[in-house]
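Let's take a look at the empty space in this protein, and then at one of its helices. Here is the structure.

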Amino acid sequence: MKITAAKVFIGGPGKNYVTLKIETDQGVYGLGDATLNNRESLTAKYLEDYIAPNLIGLDPRRSEDIWQFFYRGAYFRRGPIAMAAFGAVDMALWDIKGKLANMPLYDLFGGKSREGAMVYAHATGSDLEDLKDSISYYVEQGYKAVRVQCGVPGMPSASYGVSETKGDVENYITDFSGIRPKVEVWDSDLYMRYMPKALEEIRDTFSPDLHILHDVHHRLLPREAAAFAKSVEPVGLYWLEDPTPAEDQDALRLLRQHSTVPVAIGEVFNSIFDCNKLIENELIDFIRVAVTYAGGITHVKRIVDLAGLHHVRTGFHGAPSHSPLCMAAQAHLNAWAPNFGIQEYLVLGTPECDALFPSDHKMENGLFHVSDAPGLGVDFDEKEAERYSYVAGSHPVVRLQDGTLWNY
Ligand code: GCO
Ligand code: MG
């Protein structure tokens, strides 16, 4: 069996999805996602210029060897662009494997460990009242978990994950108005003074059964993060996400010494070497990698297995920038993983998105039900894809009040 073509598509409804289609001499094809938010054209180029020509003629069943070939063969290893490109190849090869076996991927991993995987949505508010309305909306839809982000009074611009306009829930992740990033202003003192009380008020307003998550987006220093984690203890958070800059694998020691709040980290990681010490030293409770950014199913499964040895559960990244293919790969891992925790999920299912990526994956009452179709269980309509092309966008940057550049 041989690979005969590897085609790259870029574009989608309001997104620059990078989709890889690997075709074979037996008619079976596989699909993979290489969408790296705000740098999409680069993963597409990596796939087109280097990976596609090298795939032709290879046996698609040898996904392990093909992964090693691209990873070791690159010599300059890791990094989100390369790993997202390898991730797309790997997803497509697993898709082919599932179709050949006539089995959904979760069965190839070891079968389902659960029916329905718990997901969390993003509730946001420019102020606390606005946030409560947003949470109520998700609770009414049956969600069992929500990530809550709220504007901070006196903060010169919107804090992370919050729209400046009351009631506005638009996608704040990519700004398609241009390539130059918008600048937001951040103040850690204002945030640390306000947010613990705001979270407590949220806790008191809703049922104790509702899981509450909060994302700090890497903005606190280790000492500040430790103090913050200690102050939010009464809230009983499901998790506190990215309290410190993610590159520092020792930063969470101080936090651990001062608080038992569950910590989630890893959406910016792209390999097991970004988180092996964090996991082995049991400094985190949830690992947040995304299958696309972290080299595909083959590599992420290794991270999940390592995490399982250390009581670390999964909480895969599922920002609105991920394509339904990445979300499908994660859904199969979520159905199988003995150490599954939760899945971040923002409804992608617009009619336009469903037309581009038809599938039977379903979200119901806050649970994601994986499709039983062979492989990933998502198709790609090439005719629909002709409607879209690449649109340059940007990601905000953050500065402190005195102008110092900070972590977005
Ligand atoms: C999350 C993340 C995202 C990131 C985005 C960057 O928890 O979902 O923090 O919202 O900001 O993925 O491109
Ligand atoms: Mg996050």
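What volume does the second largest cavity have? About 40 Å³. Keep in mind that this is a predicted model.

## The second largest cavity

The lining here is made up of 10 residues, and those nearest the centre of the cavity are Lys15, Asn16, Asn37, Glu40 and Thr174. Sorted by class, the lining of this second largest cavity has 7 polar residues, 2 charged ones and 1 nonpolar one.

## The largest cavity

Counting cavities of 30 Å³ or more gives 3. The largest cavity comes in at about 60 Å³. Around it you'll find Gln149, Cys150, Ser159, Tyr160, Trp186, Tyr191, Met195, His214, Asp215, Val216 and Arg219.

Which elements supply at least two residues each to that lining? They are strand E5 (145-150), helix H6 (188-205) and strand E7 (211-215). As for chemistry, the lining of the largest cavity splits into 6 nonpolar, 3 polar and 2 charged residues.

## The largest pocket

Now for the open space. The largest pocket has a volume of about 1,100 Å³. It is lined by 42 residues, with His218, Glu267, Val268, His395 and Tyr408 closest to the centre. Two or more lining residues come from strand E15 (397-400), and the same goes for strand E16 (405-406).

If you're sorting the pocket lining by class, expect 20 nonpolar, 13 polar and 9 charged residues.

## Helix H1 and its kink

Helix H1 covers residues 40-55 and has a kink of about 40°, centred on Glu48. Just past the helix comes Gly57, with a positive phi near 95°.

Which residues of H1 are buried? The list runs Glu40, Thr43, Ala44, Leu47, Ile51, Ala52 and Leu55. One of these, Glu40, has already turned up among the residues nearest the centre of the second largest cavity. What do the buried residues of H1 pack against? Two strands and two helices take part: strand E1 (3-12) and strand E2 (15-24), plus helix H2 (63-73) and helix H3 (80-101).

Definitions and conventions. Residues numbered from 1 in each chain as written. Chains lettered and ligands numbered in written order. Predicted model: local features only at pLDDT ≥ 70, side-chain atom pairs only at ≥ 80, totals over all residues. Heavy atoms only, no water. 1 Å grid on protein atoms, 1.4 Å probe; cavity = no way out; pocket = protein on both sides within 12 Å on 5 of 7 lines; lining within 4 Å. Points joined across faces, edges and corners; volume = space filled by probe spheres on them. Helix = DSSP H or I, 4+ residues; strand = E, 2+ residues; numbered from the N terminus. Nonpolar A, V, L, I, M, F, W, Y, C, P; charged D, E, K, R; others polar. Bend = angle between axes of the 7 residues up to and from the residue. Buried < 20%, exposed > 50% of the residue type's maximum accessible area, 1.4 Å probe, protein only. Contact = heavy atoms within 4.5 Å.
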